[in-house]
Amino acid sequence: MRPGIALIGLLVWLLPGIWLTGPVRPAGAATTERVVVNRFTGVAIEGFDPVAYFVAGAAMRGTAEFEANLWGAVWRFRNEGNRASFLAHPEIYGPQFGGYDPADIARGVTVAGNPRFFAIVAQRLYLFSREANRDAFAANPERFLYEVGKRWPALQDKLGQ
């Protein structure tokens, strides 16, 4: 048998098992923590500046030059002013539910939010795993937040284990 054919045969045999047992979420997101962080770097929300959502109305990356450590995570900011604002009021600027998707929490599961899919509702930042979740949440945030209120305490307890 030729080496190329043997390699293809091996891949055909191995790939279904890898695919079926592989991670369902992005490899870099740790979803067993109270705040979504990159498991390799400890950086929260993929290095996006949580204050920029409020100030610029957009998802913008922070830099390593302006970092802060809080809640067991490294947070990055675009400038010293955003960093200072976050440290003064992390409960306002930090993503609600540690960066987990509230639409998924309402269904009883914790899925890491994607910093690119966000909404600010009642002066609070919410991150979503998918654009469709964000759109559904934005259409009726009260309904989702009611469901989240019932499920989040138990899910949060499991995250700390």
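Author: Welcome! Let me start with a term: contact means heavy atoms within 4.5 Å. In this protein chain, residues 24 or more positions apart account for 52% of the contacts with a separation of 6 or more. Residues are numbered from 1 along each chain as its sequence is written, and the model is predicted. Local features need pLDDT of at least 70 and side-chain atom pairs 80 or more, while totals for chains, interfaces and linings use all residues; side-chain values use heavy atoms, without hydrogens or water.

Reader: Thanks! How many helices and strands does the protein chain have?
Author: There are seven helices and six strands. These are DSSP runs numbered from the N terminus, with helices (H or I) of at least four residues and strands (E) of at least two. In sequence order the pattern reads α-β-β-α-β-β-α-α-α-β-β-α-α.

Reader: What makes strand 5 and strand 6 a pair?
Author: Two strands pair if DSSP finds at least two bridges between them. Strand 5 (residues 114-121) and strand 6 (residues 124-128) share five bridges in the antiparallel sense, so they meet the definition. Ile120 stands opposite Leu125, and Phe118 has Leu127 as its bridge partner.

Reader: What lies between strand 5 and strand 6 in their hairpin?
Author: Two residues separate the strands. Ala122 and Gln123 lie in this loop. Phi of Ala122 is near 50° and phi of Gln123 is near 60°; each is a positive value in a residue other than glycine.

Reader: Why is Ala122 called exposed?
Author: The term depends on relative accessible area: buried is under 20%, exposed is over 50%, and partly exposed is in between (1.4 Å probe, protein chains only). Ala122 has 69%, so Ala122 is exposed. Gln123 has 53%, so Gln123 is exposed too.

Reader: Why does Arg134 count as buried?
Author: Arg134 has 19% relative accessibility, so this residue counts as buried. Arg134 lies in helix 6 (residues 131-139). Leaving aside neighbours within four places in sequence, Arg134 is in contact with Arg116, Phe117, Phe118, Ala119 and Phe128.

Reader: Which other residues of helix 6 are buried, and where do they point?
Author: The buried residues of helix 6 are Asn133, Arg134 and Phe137. They cover an arc of only 100° around the axis (counted from the directions from the helix axis to the C-beta atoms), which puts them on the same side of helix 6. They pack against helix 5 (102-106), strand 5, strand 6 and helix 7 (141-159). Strand 6 is itself mostly covered, with four of its five residues buried.

Reader: What about Asp104 in helix 5: why is it called buried or exposed?
Author: Asp104 has a relative accessible area of 8%, so Asp104 is buried. Beyond neighbours within four places in sequence, Asp104 is in contact with Val109, Val111, Ser129 and Asn133.

Reader: And why is Arg83 given the label it has?
Author: Arg83 has 24% relative accessibility, so Arg83 counts as partly exposed. Arg83 is in helix 3 (residues 80-88). Not counting residues up to four places away in sequence, Arg83 touches Phe66, Glu67, Ala68 and Phe77.

Reader: How do you know that Phe54 and Tyr93 are an aromatic pair, and of what kind?
Author: Rings of Phe, Tyr and Trp (its six-membered ring) pair if their centres lie within 6.5 Å; planes under 30 degrees apart are stacked, over 60 edge-to-face, and the rest tilted. The whole structure has 12 aromatic pairs. Phe54 and Tyr93 are 5.1 Å apart centre to centre with 90° between the planes, making the pair edge-to-face. Phe54 lies in helix 2 (residues 52-55) and Tyr93 in helix 4 (residues 90-93), so the pair ties together parts 39 residues apart in sequence.

Reader: Which residues do ring pairs link into a cluster?
Author: The cluster holds Phe97, Tyr100, Tyr126, Phe128, Phe137, Phe144 and Trp152.

Reader: What makes Arg143 sit over the ring of Phe144?
Author: A charge sits over a ring if NZ of Lys or CZ of Arg is within 6 Å of the ring centre and within 35 degrees of the ring normal. The charged end of Arg143 is 4.4 Å from the centre of the Phe144 ring and sits over it.
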